[in-house]
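User: I'm new to reading structures, so could you pick one part of this model and walk me through it closely? Please explain any terms as you go.

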Amino acid sequence: MNKVAVTGAAGFVGSALVNKLLKSNIEVYALDIIDNPSNLLIDNEFLHYIKVDIFNIDSVYAILKDKCIDTMYHFAWVGSSGQLRIDIDCQVKNAISTVSLLKLCKSIGCSRFVCAGSIMEYETISAIYAQGNQPQMSYIYGAGKTLAHLLCKPTANELGIDLIWAYITNAFGVGELSPRLVNSTIRKCIHKQELLFTSGEQNYDFVYIDDVADAFYLIGVKGIPNKGYIIGSGKAAPLRNFIKTLVYICDKNAKPIFGTIPFTGENMTLDTFSINEITKDCGFVPKYSFEEGIRLTYEWLRQEEEEHQ
């Protein structure tokens, strides 16, 4: 890789990858809709940050048409958390936009497209196609990611674009501001709030943000077209194992309460979370343990909470 475009470059995962690429002296055209992102290495000579709405494909084309981009990473996705996660129109729009960006690659001479998918794609397919199952609206986000994947793969082969899909398990770490499980639980520990969970018997995995950035970098360099790679820790386990560890690190006196919240999802097998393919093809080996990642995230969030009191 020499010149890379990254959509959603100011987001949690996108910014981590951008900074990884910059440290590797790769020229990056970072695209996002916000002004002056504070989480990017703005003063780096290899960074070109451009504010643009990626749904306006003509504007994106005008920015990238003569830049000789060889690889595009796509992270921009409206409604990855919050109420828009179950908004059908929003998620379908994301999927169509992904296909449009893939087609744009052909028009600007970019030969490689790496897309951030989700482990939810596996769960969504299982939930939807199981006989007699009653999937809930929480699967709309996963359906949007799945739709993008289904539309992009044949399109990429028709266009001659190398498409590599990455299924993120559950990224967490310093810099994430969303109310997802790790963050919300750490905040509850900080504020001594009640810790209520499902039974926690469903299999899960978590991967620290720096490892996620490394994985995407390696996929861009070594990933095989038409393959999908799980980005995880390689140490998937029942969710309650992770929660017990997290809570003990953040507050040794706190007691998580399991079974008070109903679990309405699909319990995927541990094999689903295997990172064997990305390790074999790309050489990815996670560097951060769950414990180390939680300690770093806890300290960061604790300081954030203190500063905003």
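Analyst: Let's start just after helix α1, where N25 has a positive phi, near 60 degrees. Before going on, note that this is a predicted model: local features need pLDDT of at least 70, side-chain atom pairs count only at pLDDT 80 or more, and totals for chains, interfaces and linings use all residues. Residues are numbered from 1 along each chain as its sequence is written, and side-chain values use heavy atoms, with hydrogens and water left out.

Helices (H or I, at least four residues) and strands (E, at least two) are DSSP runs, numbered from the N terminus. Helix α1 covers residues 12–23, and its 12 residues reach 17 Å from first C-alpha to last, close to the 16 Å expected at 1.5 Å a residue. That expected span is 1.5 Å times one less than the number of residues. Most of α1 is covered, with 10 of its 12 residues buried. Buried means under 20% relative accessible area, exposed means over 50%, and partly exposed is in between (1.4 Å probe, protein chains only). Among the buried residues of α1 are F12, L17 and N19.

Now on to strand β2, residues 27–32, where six of six residues are buried. Both faces are covered: E27, Y29 and L31 sit on one side, while V28, A30 and D32 sit on the other. β2 pairs with β1 (residues 3–7) in the parallel sense over five bridges, and E27 is the bridge partner of K3. Strands count as paired if DSSP finds at least two bridges between them.

Zoom out a bit, and you'll find both strands in an open sheet of seven with parallel pairing, in the order β3-β2-β1-β4-β5-β6-β11. Its edges are β3 (47–51) and β11 (228–231), each pairing on one side only. From one strand to the next, the twist averages 20 degrees. For such angles, axes are lines fitted to C-alpha atoms (for helices, over the stretch in contact), and values run from 0 to 180 degrees between N-to-C directions.

At the β11 edge, β6 (residues 162–168) pairs with β11 in the parallel sense over four bridges, and Y167 stands opposite I230. Helix α4 (residues 120–129) lies across β5 (112–118), β6 and β11, at about 60 degrees to β5. Contact here means heavy atoms within 4.5 Å.

Two loop residues share a feature with N25, as you can see from their phi values. C68 has a positive phi of about 60 degrees although it is not a glycine. This residue is in the loop between α2 (57–64) and β4 (71–74), and is exposed, with a relative accessible area of 58%. K192, also not a glycine, has a positive phi near 55 degrees. You'll find K192 in the loop between α6 and β8 (196–197); K192 is exposed too, at 61%.
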